[in-house]
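Welcome! Open your viewer, and let us take a short walk through this structure together.

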Amino acid sequence: MTKDKLFILTGPTASGKTAASVLLAKLMDAEIISADAIQLYKGLNIGSAKPTVEERQGIEHHLIDCIDPHEPKFTVSCFRDAAIKATEAIIAKGKRPLVVGGTGLYINALTYPLSFSNIPPNEELRSELLAKESEEKGYLYKLLTEKDKKTADRLHPNDIKRIVRALEMCIAAGIPASEQGPGFTHRDDDKLAFMPVMAAITMPREMLYARIEKRVDMMFDMGLIDEVKGLIDSGCTTELPAMQGLGYKETAAYLCGECTLEEAKETIKRETRRFAKRQLTWFRREERIRWFDASEYNSAESLAGALKEYYLSEE
């Protein structure tokens, strides 16, 4: 039996996925499933570059504004299950499902069997974990025992490198490292619910970085400070996953007096550039992706038209 197609559009942040995807959805009679780890949260609008109701142009968007920002745990497996459910509902309507976003683990959860043993390193998380260990010796082993006792039992309490790696896997996947099967990037299409057809938007790095800088400035002009202040006033702490998103933790640091406004802006720009670079590295390992250079098209409409031709040729 032929599997239904799942159309996926990804690429680095600020590459123009939102504008192209809305136009593409119109051309393909599709509904959009967001694969963005921050747009999930209610109230996180400006910093996540969540498309407004006007920008959505009547296209139904799924997995946007569906999680309370106070929620401490929304795992990759939670996303996978919700995305599959949304895909089934879209297909039942006679429409095409179009997944759009740049969260690599979310894209992989739909294009590989759900297994996380090859989760890539997260240097920021590692630094945080090591800092906590330096403050309290034995903290990491105790934390691993709480999250994954089976793995902790087979590691020496002083084996910090492997303890950090195990915690990294637990936190990224939302399940113990001992329960994660082999080969997160081991392709096995027979085990997928739908057959992915993948495309990604890219552009010259200098163009992408300029778009990132402009976007960050626009976010502050649009009221990012008030948005973050409102979240903090509602009880959202900086430890919550929602507040770990780019733009949110830095703006919170400014509001807490830990840096100046200009320092916060520059940090967001720098970290967003680094994030875009990591995204490109992640997605370039995926041989199934057809890349589209946005600089080769004179408008979002022409880019959407090219994407449509590719997707429908694979249908």
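How many positive and how many negative side chains does the chain have, and how far apart do the centres of the two sets lie? Select Lys and Arg in one colour and Asp and Glu in another. You will be looking at 44 positive and 49 negative side chains, with the two centres 4 Å apart. Keep in mind as you go that this is a predicted model.

Next, show the whole chain as a cartoon. There are 13 helices and six strands to find. Turn to the C-alpha trace, and its spans along the principal axes come to about 55 × 50 × 35 Å. The radius of gyration is 20 Å, which agrees with the value near 20 Å that a compact globule of 315 residues would have.

Now switch on the surface. Its accessible area is about 15,500 Å², and 50% of that belongs to carbon and sulfur atoms. Of the 315 residues, 47% count as buried. If you display contacts between residues at least 6 apart in sequence, 77% of them join residues at least 24 apart.

For a closer stop, select His 156. Where along the chain does His 156 lie? The loop between helix H7 (149-154) and helix H8 (160-173) holds this residue. Leaving aside residues up to four places away in sequence, His 156 touches Tyr 141 and Ile 163, so add those two to your selection.

Finally, select Lys 308 as well, 152 residues along the chain from His 156. Draw a distance between the C-alpha atoms of His 156 and Lys 308: they are separated by 53 Å.

Conventions
Residues are numbered from 1 along each chain as its sequence is written. This is a predicted model: local features need pLDDT of at least 70, side-chain atom pairs count only at pLDDT 80 or more; totals for chains, interfaces and linings use all residues. Side-chain values use heavy atoms; hydrogens and water are left out. Helices (H or I, at least four residues) and strands (E, at least two) are DSSP runs, numbered from the N terminus. The radius of gyration is taken over C-alpha atoms; the globule rule is 2.2 Å times the number of residues to the power 0.38. Buried means under 20% relative accessible area, exposed over 50%, partly exposed in between (1.4 Å probe, protein chains only). Contact means heavy atoms within 4.5 Å. Accessible areas come from the Shrake-Rupley method with a 1.4 Å probe; for residues, only the protein chains shown count as cover. The place of a charge is taken as NZ of Lys, CZ of Arg, CG of Asp or CD of Glu.
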